[in-house]
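Reader: I should be grateful for a close look at the side-chain contacts in this model, with particular attention to the charged groups. Please set out how the charged, polar and aromatic contacts relate to burial and to position along the chain.

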Amino acid sequence: MNVEENEFPTGIFVHESRQNLTLQFNDDGSYIVRVNDLVDATGTYAINGNQYTEDTDYLLCRHARTATYTWTYDGRRLTFQLAGEDNCTERRESLDGVTWIKQE
């Protein structure tokens, strides 16, 4: 699969080490996090080049709704790195340095 430069992937991804955790990116700029197939968090995202900026509705992040990460995608693995600060521990732990595997 060839991935165009700066083309952020959509679809469902599984956390590299927590198989019960999925992250779904939709074409409309929304996302859904599921734990054991139950919705855990929702929100929106925006892409600017290799930067991913998330605005979450997750209750535990209400004090820090937005954060920006850089992303890389090799056609199967999507990896995020924190760009700046993220004061939401839960989001930071699930994104910073974490790889998500695309589901077929």
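Author: The account below begins with the charged groups, then turns to polar contacts, and ends with the aromatic rings and the nonpolar core.

The model is predicted, so local features require a pLDDT of at least 70 and side-chain atom pairs count only at pLDDT 80 or more, whereas totals for chains, interfaces and linings use all residues. Residues are numbered from 1 along each chain as its sequence is written, and side-chain values use heavy atoms, with hydrogens and water left out.

Five salt bridges are found in a search of the whole structure; the term denotes a side-chain nitrogen of Lys or Arg within 4 Å of a carboxyl oxygen of Asp or Glu. Side chains of opposite charge can pair when their charged atoms come close. One of these salt bridges joins Arg91 and Glu54, with an N to O distance of 3.5 Å. This pair links distant parts of the chain, since Arg91 lies in helix 1 (residues 89-95) and Glu54 in strand 5 (residues 51-56), 37 residues apart. Here helices (H or I, at least four residues) and strands (E, at least two) are DSSP runs numbered from the N terminus. Both Arg91 and Glu54 are buried, where buried means under 20% relative accessible area, exposed means over 50%, and partly exposed lies in between (1.4 Å probe, protein chains only).

Asp86 extends this arrangement: Glu54, Asp86 and Arg91 are linked in a network of salt bridges. Asp86 sits in the loop between strand 7 and helix 1, and its relative accessibility of 3% means that it counts as buried. A polar contact of 2.8 Å joins the side chains of Asp86 and Arg91; such a contact is a pair of N or O atoms within 3.5 Å, and within protein one atom must be able to donate a hydrogen and the other to accept it, with residues adjacent in sequence counting only if both atoms are side-chain atoms. The side chain of Asp86 also reaches the backbone nitrogen of Cys88, at 3.0 Å. Contact in general means heavy atoms within 4.5 Å, and, not counting residues up to four places away in sequence, Asp86 touches Ala67, Tyr69, Arg91 and Arg92. The C-alpha atoms of Asp86 and Cys61 are separated by 9.8 Å, these two residues being 25 residues apart along the chain.

Two further salt bridges involve partners that are partly exposed. Arg65 and Asp57 meet through their side chains at 3.2 Å, N to O; Arg65 has a relative accessible area of 38% and so is partly exposed, and Asp57 is partly exposed at 47%. Asp74 forms a salt bridge with Arg77, with the closest N and O atoms 3.0 Å apart. Asp74 is partly exposed at 43%, and Arg77 counts as partly exposed at 38%.

Uncharged polar side chains also form contacts. Thr79, in strand 7 (residues 77-82), counts as buried at 17% relative accessibility. Its side chain meets that of Thr99 in a polar contact of 2.8 Å. Apart from residues up to four places away in sequence, Thr79 touches Thr70, Trp71, Thr72, Val98 and Thr99.

His15, found in strand 1, is buried at 6% relative accessibility. The side chain of His15 reaches the backbone nitrogen of Arg18 at 3.1 Å. Beyond residues up to four places away in sequence, His15 touches Leu21, Ser94, Val98, Thr99 and Trp100.

As to the aromatic rings, the search of the whole structure gives 11 aromatic pairs. Rings of Phe, Tyr and Trp (its six-membered ring) pair if their centres lie within 6.5 Å, and planes under 30 degrees apart count as stacked, over 60 as edge-to-face and the rest as tilted. The rings of Phe13 and Tyr73 have centres 6.1 Å apart and planes at 75°, and the pair is therefore edge-to-face. It links distant parts of the chain, with Phe13 in strand 1 (residues 11-15) and Tyr73 in strand 6 (residues 66-73), 60 residues apart. Phe13 is buried at 0%, and Tyr73 counts as buried at 15%. Both belong to one aromatic cluster formed by Phe8, Phe13, Phe25, Tyr45, Tyr52, Trp71, Tyr73 and Phe80.

The nonpolar core remains to be described. The term means a set of buried Ala, Val, Leu, Ile, Met, Phe, Trp, Tyr and Cys residues joined through side-chain atoms within 4.5 Å. Of the 23 residues in the largest such core, Phe8, Phe25, Tyr52, Leu78, Phe80 and Trp100 touch the most other members. Strand 6 provides the largest share, four residues.
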